[in-house]
Amino acid sequence: MSASLPATAPRSRRLLALAIAAAAAATASFAVPPTAGAAAPRATASDFNGDGYADLAVGVPDGTVGGHSKAGYVNIVRGGPKGLGAHGSFRITQATAEVPGTPEAGDRFGASVALVDLNGDGIAELLAGAPGEDVTDRGADAGMVSVVGGTTSGPGVGSTVLTGPSPSAAYGKSVAAADLTGGGNKTIVIGGTDKVVARVIVGEDSMITAVLAAPMGGRAPVLATGDFDSDGMADLAVAYWTTGTSTQSHVRLWKWDAERSEMANFWNTDNAGVTALAAGDFDGDGNTDLALGECREIADENIDDPCGPEQRAKGGGIHIHYGGPAGGWFGSRAQTLNQDTAGVPGVAEDGDRFGASLAVADVNRDGRDDLVAGAPGEAIGSKDRAGAAWLLHGGAQGVVGADGAARSVAWNQDTARVPGVAEAGDAFGAAVATADHNGDGVPDVTVGSPGENAALGAAWLLPKGAAAGSAAFSPRSLGLPYPSTVHRYGQPLNSR
């Protein structure tokens, strides 16, 4: 059964009825779901069940639901005093009560996930993309993004944020949310086929605005948010690339233009193809920096080295643009590193995919953000694509010190005290996430390994960003159904 647009809903204090302003689009509504139960005792952006501990959203778009291959689901793994994997989880599918749609083969519900407090009550909502969703009057693979409310007892009310306008629009390939307008309301940003759109809420009003339309090579546009121009308001970073007759590759920054009621582009770097973006303050100067993961130069005619020195792109390079004070020029200072950088364990080799996933947290609590980077193509000994991940510490000069060296630690499944054994194709590091899941005040690191156990998939919790006390969890250990083994659990991840 295809998803249909919901009927218009009334307004209330917790219900924002929004109109989709798009040509040939039917009127629709989107409700920020109400939350049941008391507010969380501690503030954490990804607390889905209101117990005060940060939770983790694991998208499983390749999961089988009700016998439907790749219908997809999202697993909310609960945080708690013992960390992730020890306190159970919630499985959310399109068969979950009040979640829009019906599980169908190829929907890929959970292809993108985000945990974010949309209504400011201290409990996170889940945003989940289903780019393969067929939508009535829109066509096959129009795509859909849903929001599901968190409650103290599990998944709450769900509703549709936005559906794609046409066949193969594939809305929901990527998703992000932040207060881009400065009004206290979250803007939901959605990536689809060759397009990025935003659902903007300004007071009681809402609009759909196109952020960007360009060839993107069939990939999901990469999204991140942060205050890149230091004006006190969140901005949007978008990365995309394609090769061939219409070679394009860009990282672009956008901000809300209140006078024109649209997103305005204010900074670009061209010819840089990236797989991941992450925002943080790596040098502790109070300004937001932007890390470009697995950065590589796309266009041969480029002479600006968009990803830094060419030798640092081998095996995948991480290129960081540093922010400056308000009114200054973002990205006037940059650093690049890879596995050949001093202080980074390993050796840069083609296919490592260093930086293919990124996450940010101040793990060592020194007032500077640290960068977690995955390399799912890393060979461990003779085991090709076993994968690895790194914790790269920030410092006074950023991730790379004045001496040209980084401070970092690396993990893989052959690292002492990390459960498991590195095997070919595990893709450990395909996704990474950070949050304080046990409430001890120190961020933890989670690493996804979607190729583990014949592509059933699993994830690893590294408490306090260390191998000591690390543990793995998977559909089997969490008691999730897995009628087929190819679920690729562990990518994508979202917490924070």
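**Exercise 1. The two faces of strand β1**

Task: In this predicted model, work out which residues of β1 lie on one side and which on the other, and decide whether the two faces are covered or open.

Solution: Begin with the general pattern, which is that side chains in a regular strand alternate between the two faces of the sheet. In β1, Leu-56, Val-58 and Val-60 are on one side, while Ala-57 and Gly-59 are on the other. Next, apply the cut-off for burial, which is a relative accessible area under 20%. The residues on both sides are all buried, and both faces are thus covered. The count for the strand, residues 56-60, leads to the conclusion: 5 of its 5 residues are buried, so β1 is largely enclosed by the rest of the structure.

**Exercise 2. The partners of β1**

Task: Find which strands pair with β1 and how many bridges join β1 to β2 and to β29.

Solution: Take β2 (residues 73-77) to start with, which pairs with β1 in the antiparallel sense over 5 bridges; within this pairing, Gly-59 stands opposite Val-74. Then turn to β29 (residues 493-494), which also runs antiparallel to β1 and is joined to it by 2 bridges. Here the bridge partner of Ala-57 is Asn-494.

**Exercise 3. An open sheet**

Task: State the strand order of the open sheet of 4 strands, and identify its edge strands.

Solution: The order is β4-β5-β6-β7, and the pairing is antiparallel. The edge strands are β4 (112-116) and β7 (154-163), since each of them pairs on one side only. Neighbouring strands of this sheet are turned against each other by 20° on average, with direction ignored. To look at one pairing in detail, follow β4 to β5 (residues 125-130), where 5 bridges join the two strands and Ser-112 stands opposite Gly-129.

**Exercise 4. The surroundings of His-437**

Task: Decide whether His-437 is buried or exposed, and find which backbone oxygen its side chain reaches.

Solution: Locate the residue, which lies in the loop between β25 (431-435) and β26 (444-449). His-437 has a relative accessible area of 0%, and is therefore buried. Its side chain reaches the backbone oxygen of Ala-54 at 2.8 Å. Leaving aside residues up to four places away in sequence, His-437 touches residues including Tyr-53, Asp-55, Leu-56, Gly-79, Thr-446 and Ser-495.

**Exercise 5. The largest nonpolar core**

Task: Find how many residues the largest nonpolar core has, and which strands each supply at least two of them.

Solution: This core has 24 residues, and among those with the most contacts inside it are Phe-282, Ile-318, Leu-337 and Leu-392. The strands β17 (276-280), β19 (317-322), β21 (357-361), β22 (370-375) and β23 (388-392) each supply at least two residues. A second, separate core has 19 residues, including Ala-178, Val-200, Val-211 and Leu-223.

**Exercise 6. Aromatic pairs**

Task: The structure holds 6 aromatic pairs; determine why the pair of Phe-354 and Trp-390 counts as edge-to-face.

Solution: The ring centres of Phe-354 and Trp-390 are 5.1 Å apart and the planes meet at 85°. Because planes over 60 degrees apart count as edge-to-face, the pair belongs to that class. It links distant parts of the chain, with Phe-354 in the loop between β20 (333-337) and β21 and Trp-390 in strand β23, 36 residues apart. Both Phe-354 and Trp-390 are buried. The same reasoning serves for Phe-428 and Trp-460, whose ring centres are 5.5 Å apart with planes at 75°, so this pair is edge-to-face. Phe-428 and Trp-460 are both buried.

Conventions
Residues numbered from 1 in each chain as written. Predicted model: local features only at pLDDT ≥ 70, side-chain atom pairs only at ≥ 80, totals over all residues. Heavy atoms only, no water. Core = buried A, V, L, I, M, F, W, Y, C linked by side-chain atoms within 4.5 Å. Buried < 20%, exposed > 50% of the residue type's maximum accessible area, 1.4 Å probe, protein only. Polar contact = N/O pair within 3.5 Å; in protein donor to acceptor, adjacent residues only side chain to side chain. Contact = heavy atoms within 4.5 Å. Pairing = 2+ DSSP bridges. Axes fitted to C-alpha atoms, helices over the stretch in contact; angles between N-to-C directions. Phe/Tyr/Trp six-rings, centres within 6.5 Å; stacked < 30°, edge-to-face > 60°.
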